[in-house]
Amino acid sequence: LKIKPNTTILIGVGTSICGGSAIAATAPVIKAEDEDVAHAISTIFLFNIVAAFIFPALGRLLGMSDLGFGMWAGTAINDTSSVVAAGSAWSSIAGNNTALAFATVVKLTRTLMIVPITLVLALYTTKKNQNTTDGSAFKFSKVFPWFVVGFLMAAVLNTAFGFPTIVSHSLVQVGKFCIVMAMAAIGLNTQLKKLISNGLKPIVLGLSWWFAVASVSILV
């Protein structure tokens, strides 16, 4: 499609790893320009919003089980907030949290790929720009997805000690509220006019990769 290399990389990591989080972590590593980030973010967020609406309906159409949908949503939806939104929608209809739980675990496992991918890209960019002296741009602490650590700590504490039902129920409600706020924030950061003015190529690229990931996930 003859898209700028940095835009291609950012849309790639956004689709395959963790949407906006992966783009934000990768952009400084590859020294992407603001324009590249804007193209990638707009493209990824467009499909995030679409996924939250269509995935539960597609899952029902395909006759998926709660577990099956959780695995599919966690693998094929770009951003963590959209995965949780789709998983919550499915679980609300199913009357249990199976889909939401598996979707979250699968998605956060994918998110951990931010670490090796950014390390590889940092080495690649450094080698590519050996004449530059900006070797301090990459910091491991900045790219590590710390919210995954929070998830693991909560899971370990809940497994070891078990939270009272009233506490866990309240925390779940707070979590759902935060996801709604995250989706609203994504909407406030997405300008459809700007998305269209960027041209169709980034959208076509994002759609192609998204379709490929979703299709392979179903086959697996």
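What is the volume of the largest pocket? In this predicted model, the answer is about 900 Å³. I shall begin with that pocket, continue with a second one, and then turn to cores, aromatic pairs and a few individual residues.

The lining of the largest pocket consists of 23 residues. Those that lie nearest its centre are L100, T104, F151, A154 and V172. Four elements give two or more residues to this lining: α4 (80-94), α5 (98-111), α8 (146-160) and α9 (165-189). Of the elements, α9 gives the most, with 7 residues. In terms of residue class, 14 of the lining residues are nonpolar, 8 are polar and 1 is charged. For those who would set up a probe calculation themselves, the principle is simple. Rolling a probe the size of a water molecule over the atoms shows where empty space is left.

Let me move to the second largest pocket, whose volume is about 150 Å³. Its lining is made up of I54, F55, L58, W72, L207, W210, F211, A214, S215 and I218. Two helices, α2 (34-61) and α11 (200-219), each supply at least two residues of that lining. The largest share comes from α11, with 6 residues. The class division here is 9 nonpolar and 1 polar, with no charged residues. I ask you to keep F55 and W210 in mind, since both names will return.

Next, the nonpolar cores. The largest of them has 21 residues, and L10, I17, A22, I23 and I114 have the most contacts inside it. Helices α1 (5-26), α2 and α6 (114-128) each supply at least two residues of this core. The element that gives the most to it is α1, with 8 residues. Another core, of 17 residues, lies apart from the largest one, and F55, A86, A103 and W210 are among its members. As general background, nonpolar side chains tend to be buried together in soluble globular proteins.

A86 brings us to helix α4, where A86 is one of the buried residues. The others that are buried in this helix are T80, S81, S82, V83, V84, G87, S88, W90 and S91. How far apart are the end C-alpha atoms of α4? They are 21 Å apart, and this agrees with expectation, because 15 residues at 1.5 Å a residue should span 21 Å. Just after α4, G95 takes a positive phi of about 80°.

I turn now to the aromatic residues. A search of the whole structure finds 5 aromatic pairs, and I shall describe two of them. Consider F55 and W210: their ring centres are 5.8 Å apart and their planes stand at 35°, so the pair is tilted. Because F55 lies in helix α2 and W210 in helix α11, the pair ties together parts that are 155 residues apart in sequence. Both F55 and W210 are buried.

How is the pair of F69 and W90 arranged, stacked or tilted? The ring centres of F69 and W90 are 4.2 Å apart and their planes are at 10°; with the limit for stacking set at under 30 degrees, the pair is therefore stacked. F69 belongs to helix α3 (residues 66-76) and W90 to helix α4, so this pair ties together parts that are 21 residues apart in sequence. F69 and W90 are also both buried. The residues of these two pairs, together with F47 and W72, form one aromatic cluster.

Finally, some individual residues. K2, in the segment before α1, has a positive phi of about 60° although it is not a glycine. K2 counts as exposed because its relative accessibility is 82%. A similar remark concerns K31, which is found in the loop between α1 and α2. K31 has a positive phi of about 55°, again without being a glycine. Is K31 exposed or partly exposed? With a relative accessible area of 34%, K31 is partly exposed.

The last residue is I196, in helix α10 (residues 192-197). Its relative accessibility is 66%, so I196 counts as exposed. Along the chain, I196 and K2 are 194 residues apart, and 18 Å separates their C-alpha atoms.

To close, I return to F55 and W210. These two residues are in the lining of the second largest pocket, in the core of 17 residues and in the aromatic cluster. Thank you for your attention.

Notes. Residues are numbered from 1 along each chain as its sequence is written. This is a predicted model: local features need pLDDT of at least 70, side-chain atom pairs count only at pLDDT 80 or more; totals for chains, interfaces and linings use all residues. Side-chain values use heavy atoms; hydrogens and water are left out. On a 1 Å grid over the protein atoms alone, a cavity is a set of points where a 1.4 Å probe fits but cannot get out, and a pocket is an open set with protein on both sides within 12 Å along at least five of seven lines; lining residues have an atom within 4 Å of a point. Grid points are joined across faces, edges and corners, and a volume is the space filled by probe spheres set on the points. Ala, Val, Leu, Ile, Met, Phe, Trp, Tyr, Cys and Pro count as nonpolar, Asp, Glu, Lys and Arg as charged, and the others, Gly among them, as polar. A nonpolar core is a set of buried Ala, Val, Leu, Ile, Met, Phe, Trp, Tyr and Cys residues joined through side-chain atoms within 4.5 Å. Buried means under 20% relative accessible area, exposed over 50%, partly exposed in between (1.4 Å probe, protein chains only). The expected span of a helix is 1.5 Å times one less than its number of residues. Rings of Phe, Tyr and Trp (its six-membered ring) pair if their centres lie within 6.5 Å; planes under 30 degrees apart count as stacked, over 60 as edge-to-face and the rest as tilted.
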